[in-house]
Amino acid sequence: MSHLVLVMGVSGAGKSTVGPLIAERLGLRFDDADSFHPPANVAKMSRGEPLDDADRAPWLDAIGAHLAAHEGIGCVVTCSALKRAYRDRLRVPAPGLRLVFLQGDLALVAARQAARQGHFMPASLVASQFATLEPPAPEEGAILLDVAATPEALAEAAISALRA
């Protein structure tokens with residue numbers, strides 16, 4: 001069975017660690033949504049400025065097109081997808097999209113983000129991500145995982161839920 005999987009959550013939640021594990025174990029392609037950002041977005045975030053919805057629109061459309069191109073083949077993509085409107089926008093081209101939501105408390109996530117080396121998203125923006133976050137509603141059918149677990153345990157839990 002091919003899956004279109006979106007591993008979502010705030011920056012520092014573990015998407016770029018857990019996403020590749022899920023993809024590898026399912027034999028699917030993995031892509032990090034950061035690679036879909038236009039240069040202007042990367043520059044803005046590097047200056048410590050949060051993106052607005054206008055900045056995110058072309059980025060979300062590029063991710064949606066990528067997901068649609070992998071319909072029937074499957075892939076795993078990481079993307080913060082903080083708002084319901086963003087997730088809905090991704091579901092238009094990829095209606096079978098499954099969400100894996102990596103959730104955790106601000107202190108743990110901020111500590112992880114601060115420890116990251118060479119990432120364009122400064123730890124100072126983590127609070128803005130939590131302020132923007134609209135956790136998936138029950139009807140979105142997201143797989144909810146607590147980031148306090150190990151990446152391996154998170155990947156296994158996600159795969160079990162995807163296969164169920």
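**Exercise 1. Locate histidine 70, decide whether it is buried or exposed, and list what it touches.**

Step 1. Histidine 70 lies in the loop between α3 and β3. Helices (H or I, at least four residues) and strands (E, at least two) are DSSP runs, numbered from the N terminus. The model is predicted: local features need pLDDT of at least 70, side-chain atom pairs count only at pLDDT 80 or more, and totals for chains, interfaces and linings use all residues. Residues are numbered from 1 along each chain as its sequence is written, and side-chain values use heavy atoms, with hydrogens and water left out.

Step 2. The relative accessible area of histidine 70 is 13%, so this residue is buried. Buried means under 20% relative accessible area, exposed over 50%, and partly exposed in between (1.4 Å probe, protein chains only).

Step 3. Not counting residues up to four places away in sequence, histidine 70 touches Leu4, Arg29 and Cys75; contact means heavy atoms within 4.5 Å.

**Exercise 2. Determine where glycine 72 is found and whether it is buried or exposed.**

Step 1. Glycine 72 is found in the loop between α3 and β3.

Step 2. With a relative accessible area of 62%, glycine 72 is exposed.

Step 3. Glycine 72 and leucine 90 are 18 residues apart along the chain, and their C-alpha atoms are separated by 16 Å.

**Exercise 3. Explain why cysteine 75 is not bonded to another cysteine.**

Step 1. The structure holds 0 disulfides, a disulfide being a pair of cysteine sulfur atoms within 2.5 Å.

Step 2. The closest cysteine sulfur to that of cysteine 75 belongs to cysteine 79 and is 12 Å away, which is too far for a bond.

Step 3. Cysteine 75 counts as buried because its relative accessibility is 0%. Cysteine 79, at 1% relative accessibility, also counts as buried.

**Exercise 4. Describe the backbone and setting of alanine 81.**

Step 1. Alanine 81 sits in the loop between β3 and α4.

Step 2. Its phi is near 45°, a positive value in a residue other than glycine.

Step 3. Alanine 81 is buried, with a relative accessible area of 1%.

**Exercise 5. Check the length of helix α7 and find which side of it is buried.**

Step 1. Helix α7 has 13 residues (residues 151–163), which should span 18 Å at 1.5 Å a residue; its end C-alpha atoms are 18 Å apart, so the two values agree. The expected span is 1.5 Å times one less than the number of residues.

Step 2. Leu154, Ala155, Ala158, Ile159 and Leu162 are the buried residues of α7. They cover an arc of only 130° around the axis, so they lie on the same side of α7; the arc is that of the directions from the helix axis to the C-beta atoms.

Step 3. The cover over these buried residues includes β1 (4–8), α1 (15–26), β4 (98–103) and β5 (143–146).

**Exercise 6. Identify which members of the largest nonpolar core touch the most other members.**

Step 1. A nonpolar core is a set of buried Ala, Val, Leu, Ile, Met, Phe, Trp, Tyr and Cys residues joined through side-chain atoms within 4.5 Å.

Step 2. The largest such core has 44 residues, of which Leu6, Ile22, Ile63, Cys79 and Leu102 touch the most other members.

Step 3. Two or more residues of this core come from each of β1, α1, α3 (53–69), β3 (75–78), α4 (84–91), β4, β5 and α7.

Step 4. Beyond four places in sequence, the residues that leucine 102 touches include Val7, Met8, Val18, Leu145 and Leu154.
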